[in-house]
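Please walk through the structure shown below with attention to its helices, its charged pairs and its surface patches.

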Amino acid sequence: MLSLCQREKDCFVRVRKRELEKLTTEVMQLKEFLPKVLNRNLVETLHKAQASQTMFTEKEHLVQEKEKLQQECRHLQSRLEAAQSECQKEREEKLLLRHQLWQSGAELQQQASFCSGLGSAACGLLWSCSANEDAVVRWMAEGKLRSFVAVAAQTLESFVRSLDEDAKTQTEDQDSEEHQFVLALAGILTNIAAVPCGRDFLASSAHVLLDTLMKLLELMKPGVFPKLKVLMLMTLYNVSISVKGLKYVIKNPGLLTLIWTLLDDVDWEVCLHALRLLQSVLLEEDVLLLLGSSLLDPDVQTRIGRLSFSVQPSVRQAAQQTLEDLHALSQGKGCEVSKL
């Protein structure tokens, strides 16, 4: 055995000579055979094995990703089928609701037509009855007029405001039950205003109706529903026969503008009743104080002067009388000024 001593800090061990020789032999064998084993082919094989291992690992990863994606796809497919089923259900419900809506609309239209026909027939009868003064007096005594007047005002306003912007003409809609209905309502109001007690009632307790009539006459375009315009103008004229009614009508700030507009209407009856309303207004003693000097505007007299040459005798006569009233009014104003 070899004897080894310790030098400085290095450590030494004892090794048998036989084992040292064996180790030396193995080292020499490795030096001899290792270059033969570790050649280029082995390195390439190791590289290929390593690459294969990497590819295998990536393949496993891809397989896992694929499985995950397939699960998500199955989940989305399940949600899609549920959504499609729900969509189909909603589509069927929508079709059912649309069908029910169509049926409801048809039934509502039938009911509306029935109500319009019934209202037209009932108001037509009332219109005929209202021509009898005793009937109006009886209505007044029973206290039935207040609610009727309120409903009539709302109905007339709804009808006028429902017209298209292009304005339907009477020839297009004159036979409709709705038109006949509102005509009858307006006719009843006219007959009520023709009776003294009814006229006083409208002048004192139906200001909303009077304002509505003037507003609707302003909204309706020239040539549109002339019969309805005539009836509303007749109502205002009948009310103006009452002193209280005349004073209220004159207070409306748009009265003169409304009358000037109606004097240019294409229907001669509208012009005639606009002239009559103006004549009634001119009877008020303080008309100039209430309406101003616009009554004496030369353009107004020119407009009325054109009507004094109308082919309709009643229009021509009314226009001439109105011109005389305006002339007398202007003369009276001149005298009043000279007295001052």
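Why is helix α9 described as largely enclosed by the rest of the structure? The model is a predicted one, and in it 12 of the 15 residues of α9 are buried, so this helix is largely enclosed by the rest of the structure. Buried here refers to a relative accessible area under 20%, and the residues of α9 that meet this cut-off are Pro226, Leu228, Lys229, Val230, Leu231, Met232, Leu233, Thr235, Leu236, Asn238, Val239 and Ser240. The geometry of the helix can be checked as well: at 1.5 Å a residue, the 15 residues of α9 (residues 226-240) should span 21 Å, and the end C-alpha atoms of α9 are indeed 21 Å apart, which agrees with that expectation.

From this enclosed helix, the reader may turn to the charged pairs. A search of the whole structure finds seven salt bridges, and one of them joins Glu157 to Arg161, whose side chains meet with an N to O distance of 3.2 Å. Both residues belong to helix α4 (residues 145-161), and because Glu157 and Arg161 are four residues apart there, they are separated by about one helical turn. An α-helix has 3.6 residues a turn, so residues three or four places apart point the same way. Glu157 is partly exposed, with a relative accessible area of 22%, and the pair does not stand by itself, since Glu157, Arg161 and Lys215 are linked in a network of salt bridges.

Helix α4 also holds Ala150, which counts as partly exposed at 37% relative accessibility. The C-alpha atom of Ala150 is separated by 8.0 Å from that of Ala206, although these two residues are 56 residues apart along the chain.

A further salt bridge is formed by Arg303 and Asp264, with the closest N and O atoms 3.6 Å apart. This pair links distant parts of the chain, for Arg303 is in helix α14 (residues 298-307), whereas Asp264 is in the loop between α11 (255-262) and α12 (268-282), 39 residues apart. Both partners are partly exposed, Arg303 with a relative accessible area of 24% and Asp264 with one of 42%.

In another salt bridge, Glu67 is paired with Arg74, and here the closest N and O atoms are 3.6 Å apart. Glu67 is partly exposed, at a relative accessible area of 36%, and Arg74 is likewise partly exposed, with a value of 48%.

The surface patches complete the tour. Glu86, Glu90, Glu92 and Glu93 form a negative surface patch, and of these residues Glu92 can be placed in helix α2 (residues 40-130), where Glu92 is partly exposed, with a relative accessible area of 48%. That value fits the rule for patches, because their residues must have over 30% relative accessible area and no salt bridge.

A patch of another character is nonpolar: Val13, Val15, Leu20, Leu23 and Val27 make a nonpolar surface patch of about 400 Å². Among its members, Leu20 has its place in helix α1 (residues 17-37), and at 39% relative accessibility Leu20 counts as partly exposed.

Note on methods. Residues are numbered from 1 along each chain as its sequence is written. This is a predicted model: local features need pLDDT of at least 70, side-chain atom pairs count only at pLDDT 80 or more; totals for chains, interfaces and linings use all residues. Side-chain values use heavy atoms; hydrogens and water are left out. Patches are made of residues with over 30% relative accessible area and no salt bridge: like charges are joined within 9 Å, nonpolar side chains (Val, Leu, Ile, Met, Phe, Trp, Tyr) within 5 Å. Accessible areas come from the Shrake-Rupley method with a 1.4 Å probe; for residues, only the protein chains shown count as cover. A salt bridge is a side-chain nitrogen of Lys or Arg within 4 Å of a carboxyl oxygen of Asp or Glu. Lys and Arg count as positive and Asp and Glu as negative; His and the chain ends are not counted. The place of a charge is taken as NZ of Lys, CZ of Arg, CG of Asp or CD of Glu. Helices (H or I, at least four residues) and strands (E, at least two) are DSSP runs, numbered from the N terminus. Buried means under 20% relative accessible area, exposed over 50%, partly exposed in between (1.4 Å probe, protein chains only). The expected span of a helix is 1.5 Å times one less than its number of residues.
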